[in-house]
Amino acid sequence: QVQLVESGGGLVQAGGSLRLSCAASGFPFSNYNMGWFRQAPGKERDFVARISSSGLSTYYADSVKGRFTISRDNAKNTVYLQMNSLKPEDTAVYYCGRRNSYNADYGAWGQGTQVTVSS
């Protein structure tokens, strides 16, 4: 079965950095676009970043552009989110997801990892 397991979250001061990982299994990882989303308490889940199956194309939400970098290692079935210059408003549970091949939705999710940025 499809499994996505996030790790790397934690507490960091504003201006600091954190690197999240998402380990994938149960499907041909290199065939799928992958994405990162986040959800703050009491708010909707927001798109953060997306990466193509090959890793050659990336797309970012305006709120993180220039600060976050999504990447993937298809040999390790892992997608990463490097987060720099963190702000308190980045505080959220971060989820990785597998994008459907037939539409723009995401059909599989990890359990999430908490990122807390203190001011």
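User: What makes the charged end of Arg98 count as sitting over the ring of Phe27?

Analyst: Happy to explain, and do keep in mind that this is a predicted model. The charged end of Arg98 is 4.8 Å from the centre of the Phe27 ring, and the cut-off for the distance is within 6 Å. Arg98 also has its charged end over the ring of Tyr32, 4.3 Å from the centre.

User: Why is the pair of Phe37 and Tyr106 called edge-to-face?

Analyst: Their planes are 75 degrees apart and their centres 4.7 Å apart. Centres within 6.5 Å make a pair and planes over 60 degrees apart make it edge-to-face, so the name fits. This pair joins distant parts of the chain, with Phe37 in strand 4 and Tyr106 in strand 10, 69 residues apart.

User: And why is the pair of Tyr106 and Trp109 called tilted?

Analyst: Here the angle between the planes is 35 degrees, with 5.7 Å from centre to centre. Stacked needs under 30 degrees and edge-to-face over 60, so what lies between is tilted. Ring pairs also bring Phe47 and Tyr59 into a cluster with Phe37, Tyr106 and Trp109.

User: How do you know whether Tyr106 is buried or exposed?

Analyst: Tyr106 has 8% relative accessibility, so it counts as buried; the cut-off is under 20%. Phe37 is buried too.

User: What about Trp109: buried, exposed or partly exposed?

Analyst: The relative accessible area of Trp109 is 27%. Buried ends at 20% and exposed starts over 50%, so Trp109 is partly exposed.

Conventions:
Residues numbered from 1 in each chain as written. Predicted model: local features only at pLDDT ≥ 70, side-chain atom pairs only at ≥ 80, totals over all residues. Heavy atoms only, no water. Phe/Tyr/Trp six-rings, centres within 6.5 Å; stacked < 30°, edge-to-face > 60°. Helix = DSSP H or I, 4+ residues; strand = E, 2+ residues; numbered from the N terminus. Buried < 20%, exposed > 50% of the residue type's maximum accessible area, 1.4 Å probe, protein only. Lys NZ or Arg CZ within 6 Å of the ring centre and 35° of its normal.
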